Amino acid sequence: MDAYFKKYTLDFKRPSGTSRGVLKQKETFLLIIKNQQKWGVGECGIFRGLSIDDVPEYMGKLEWVCQNIEKGESYLIDNLVQFPSIQFGVEQAFRSLYSNNPFHLFESDFLNREQPISINGLIWMGDVAFMNDQIAQKIDEGFRCIKMKIGAINFKEEVAILEAIRKEYSKERIELRVDANGAFSPKDALEKLHILAQYQVHSIEQPIKAGQKEKMRELCEKTPLSIALDEELIGVFGVTKKKELLQMVKPQYIILKPSLIGGFKGSQEWIELANSLNIGWWVTSALESNIGLNAIAQWTATLNNSMPQGLGTGALFTNNMESPLKVSDGGLYYEQDKTWNYQQINDLCI
């Protein structure tokens, strides 16, 4: 058995704005395992400036994985606790290697019968005209759930956008989610949540920066709309610490990004704890290429969560891998009559 990795840089079609800045490129790493004539591929989707494993030793840890690949998946996963994005890549690569098709990782009706996964339409930050254009496009494309990133422009302007949507579409027609990425200050967060609640917003992701557990607990207790923890989950290792966080903060929802929280295994731990504490959850990609997105989508399809998931990011890039994944009418599909571009994959990593 042999393994190696390749760096791959994804280019955004248009610079995409968040409260942490504007994204033009997304760096990622592809992990390839070969065993005789078979091969498997996984994506180590590091997110610079956000991932807990965005450290100088990252490349060295990838080298270590390749040097120790014959020790097996369990050994590697157990020794990669501080590197959740590499854990996820290892999980994918081994599952890919042992599958009859390197891109068929989890059996489901999503994979085999073109049953769609309901997803939200993502609205990136920008000026008011740009955000309104995105919203109109998503509604025209059939999305019934829209997630709007907020916190970069004037709050009153963002509220005006939400107000305009609600004047035309009821909450039964369009579900509205917002994602602050920690942009609110603890002092005015609750006031802003009350304003947002006037427009029947379903939920807000990470209203204040992660690491302020007492403040977040107080917000979750007093909030007029549901709060979903996102960045708060990053860097929380082990079932005991995860349970302590959820029991203390008591959020209404948590957001699962496998690349940031330890892949399928790490995400499953969060799900089981959330279910036991009556906390809702959904899955979101973290700007992976179609290799990572494919893995997340196929796994998500096995979880039987009917809520709209956050899996519509594959079309953001100019140089993504050609795949059977397709977004249509507010859903993510795996098209049976389409195949992966094996020549492109071969040129990239095999």
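Begin by selecting helix α9 (residues 239–249) together with helix α11 (residues 263–276), two helices that pack at an angle of about 45 degrees with their axes 10 Å apart. That angle makes α9 oblique to α11, and α9 passes α11 in a right-handed crossing. Keep in mind throughout the tour that the model is a predicted one.

With both helices still displayed, show the side chains at their contact: α9 contributes Val-239, Lys-242, Lys-243, Leu-245 and Leu-246, while α11 contributes Gly-266, Glu-269, Trp-270, Leu-273 and Ala-274. Coloured by class, this contact of α9 with α11 comes out as six nonpolar, one polar and three charged residues.

Next, select α5 (128–140) and helix α6 (residues 155–168), whose axes come within 11 Å and cross at roughly 30 degrees. An angle under 35 degrees counts as roughly parallel, so α5 is described as roughly parallel to α6. The crossing of α5 and α6 is right-handed. On the α5 side the contact is made by Val-128, Met-131, Asn-132 and Ile-135, and on the α6 side by Glu-157, Ile-161 and Ile-165; by class, these residues are five nonpolar, one polar and one charged.

Leave α5 displayed and turn to the largest pocket, because α5 is one of the elements that give two or more residues to the lining of that pocket, the others being β1 (2–18), β5 (121–123), α12 and β12 (325–328). The largest pocket has a volume of about 690 Å³. Its lining consists of 34 residues, and to centre the view on the pocket one can select Lys-13, Lys-138, Gly-312, Ala-315 and Leu-316, which lie nearest its centre. The lining of the largest pocket divides into 16 nonpolar, eleven polar and seven charged residues.

From the open pocket, move to the enclosed spaces. How many cavities of 30 Å³ or more does a search of the whole structure find? The search finds two, and the largest cavity has a volume of about 200 Å³. To find this largest cavity in the viewer, select Leu-122, Lys-147, Lys-149, Lys-257 and Ser-285, the closest to its centre of the 21 residues that line it. Eight nonpolar, eight polar and five charged residues make up the lining of the largest cavity.

The second largest cavity holds about 40 Å³ of space, and the selection that encloses it is Val-41, Gln-92, Ser-96, Pro-102, Phe-103, Leu-105, Ile-291 and Asn-294. Two helices, α3 (84–97) and α12 (290–301), each supply at least two residues of this lining. By class, the lining of the second largest cavity has five nonpolar and three polar residues, with no charged ones.

Finally, keep α3 selected and add helix α1 (residues 58–67), since the axes of α1 and α3 come within 11 Å and cross at roughly 30 degrees, and the two helices are therefore roughly parallel to each other. Here α1 passes α3 in a right-handed crossing. For the last selection, show Tyr-58, Lys-61, Leu-62 and Val-65 of α1 with Ser-85, Ile-86 and Val-90 of α3, the residues that make the contact; they divide into five nonpolar, one polar and one charged.

How values were computed. Residues are numbered from 1 along each chain as its sequence is written. This is a predicted model: local features need pLDDT of at least 70, side-chain atom pairs count only at pLDDT 80 or more; totals for chains, interfaces and linings use all residues. Side-chain values use heavy atoms; hydrogens and water are left out. On a 1 Å grid over the protein atoms alone, a cavity is a set of points where a 1.4 Å probe fits but cannot get out, and a pocket is an open set with protein on both sides within 12 Å along at least five of seven lines; lining residues have an atom within 4 Å of a point. Grid points are joined across faces, edges and corners, and a volume is the space filled by probe spheres set on the points. Ala, Val, Leu, Ile, Met, Phe, Trp, Tyr, Cys and Pro count as nonpolar, Asp, Glu, Lys and Arg as charged, and the others, Gly among them, as polar. Helices (H or I, at least four residues) and strands (E, at least two) are DSSP runs, numbered from the N terminus. Axes are lines fitted to C-alpha atoms, for helices over the stretch in contact, and angles run from 0 to 180 degrees between N-to-C directions. Angles under 35 degrees count as roughly parallel, over 145 as roughly antiparallel, 65 to 115 as roughly perpendicular and the rest as oblique. A crossing is left-handed if the near helix is turned anticlockwise from the far one by less than a right angle, and right-handed if clockwise. Contact means heavy atoms within 4.5 Å.
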